[in-house]
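Me: Could you take me slowly through one part of this model, a helix and whatever surrounds it? I am in my first year, so please explain each term when you use it.

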Amino acid sequence: MGNLLGCVQVDQSTVAIKERFGKFEDILEPGCHFLPWCIGSQVAGRLTLRVQQLDVRCETKTKDNVFVNVVASVQYRALADKASDAFYRLSNTRSQIQAYVFDVIRASVPKLNLDDTFEQKNEIAKAVEDELEKAMSAYGYEIVQTLIVDIEPDEQVKRAMNEINAAARLRVAANEKAEAEKIIQIKRAEGDAESKYLAGLGIARQRQAIVDGLRDSVLGFSVNVPGTTAKDVLDMVLVTQYFDTMKEIGATSKSSAVFIPHGPGAVRDVAQQIRDGLLQASAYQQPNLS
């Protein structure tokens, strides 16, 4: 009904191209307009002013001969004051933008290695945006933003890159594990050395205490019993310790049989051996304790 009366509605964020007898006459803004069809006025078409997005997938090769698929996302819109250029000068806007994206990407990526391509994707996006802005502004379009949203190498290349990364991480982990084991072994060795040192020090002090006790016993006995020499007292003490040792060995549940020489001569030999051992131990420990 509106068309019969010559009324035309233009929606928001849209402009209409008005022609008279096939010639451009005006740009109709959103709202209601009167177009008397009887004098040749008509709407040739409508043009949206909303931001549109075009995703372009471009296959190219890097400097180190790796084929990659670069996905660029271009956001663009028609300018209201240049709507006639956008409507009349381009027949296929999306194909035109895609051609410029292909041209810039295939001129930029082959100058970069694969790793540099990932690092410099913002620079590639900026180059695409600058080229599109320069070219499309003459046709009444504004490039809002250009993004490189994905860079996809060949599947085998991605697998190889992941293996290289995994190997590097395993090497670092192995080094850290070896370093930790080295520290553990060093600390264990230090602890073992300290333990042995303290054990040796305890044994030395024990033997020194035994020697001091025997010396005091001998001196005390010689004073209280006239006519005895220090050697006689020491032999008696050693024989007493000898029999105490035999008693302890026999009382141990794990001992089944012990074969040792026994008799007066054997006791004398044992006493001499014990005395010589204690005296040698005392002489050896004296420099260490000092």
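Reply: A good place to start is arginine 106, whose charged end sits over the ring of phenylalanine 102, at 4.8 Å from the centre of that ring (a charge counts as sitting over a ring if NZ of Lys or CZ of Arg is within 6 Å of the ring centre and within 35 degrees of the ring normal). Keep in mind that this is a predicted model, in which local features need pLDDT of at least 70 and side-chain atom pairs count only at pLDDT 80 or more, while totals for chains, interfaces and linings use all residues. Residues are numbered from 1 along each chain as its sequence is written, and side-chain values use heavy atoms, with hydrogens and water left out.

The helix to look at is α3, residues 93-108, in a chain whose secondary structure comes to eight helices and eight strands (DSSP runs numbered from the N terminus, helices being H or I with at least four residues and strands being E with at least two). With its 16 residues, α3 reaches 23 Å from its first C-alpha to its last, close to the 22 Å expected at 1.5 Å a residue (the expected span being 1.5 Å times one less than the number of residues). Thr93, Ile97, Val101, Val104, Ile105 and Ser108 are the buried residues of α3 (buried means under 20% relative accessible area, exposed over 50% and partly exposed in between, with a 1.4 Å probe and protein chains only). Seen down the axis of α3, these buried residues fall within an arc of 95°, so they line one face of the helix (the arc is that of the directions from the helix axis to the C-beta atoms). They pack against β6 (52-61), β7, α5 and β8.

One of those partners, α5, deserves its own look, since it is built of 16 residues, 121-136, and spans 22 Å from first C-alpha to last, close to the 22 Å expected. In α5, the buried residues are Ile124, Ala125, Val128, Leu132, Ala135 and Met136. Viewed down the axis of α5, they keep within an arc of 100°, so they too line one face of their helix. On the other side of α5, Asn122 and Lys134 are exposed. The buried residues of α5 pack against β7 (67-78), α3, α4 (114-119) and β8 (141-153).

Threonine 117 belongs to helix α4, and this residue counts as buried because its relative accessibility is 0%. Leaving out residues up to four places away in sequence, threonine 117 touches Thr62, Val109, Leu112, Ile124 and Ile151 (contact means heavy atoms within 4.5 Å); Ile124 is one of the buried residues of α5.

Between α5 and β8 there is a loop that holds alanine 138, which counts as partly exposed because its relative accessibility is 38%. Apart from neighbours within four places in sequence, alanine 138 is in contact with Asp85 and Arg89. Arginine 89 lies 49 residues from alanine 138 in sequence, yet their C-alpha atoms are 9.2 Å apart in space.

For the chain as a whole, 27% of the 290 residues count as buried, and residues 24 or more positions apart account for 63% of the contacts with a separation of 6 or more.
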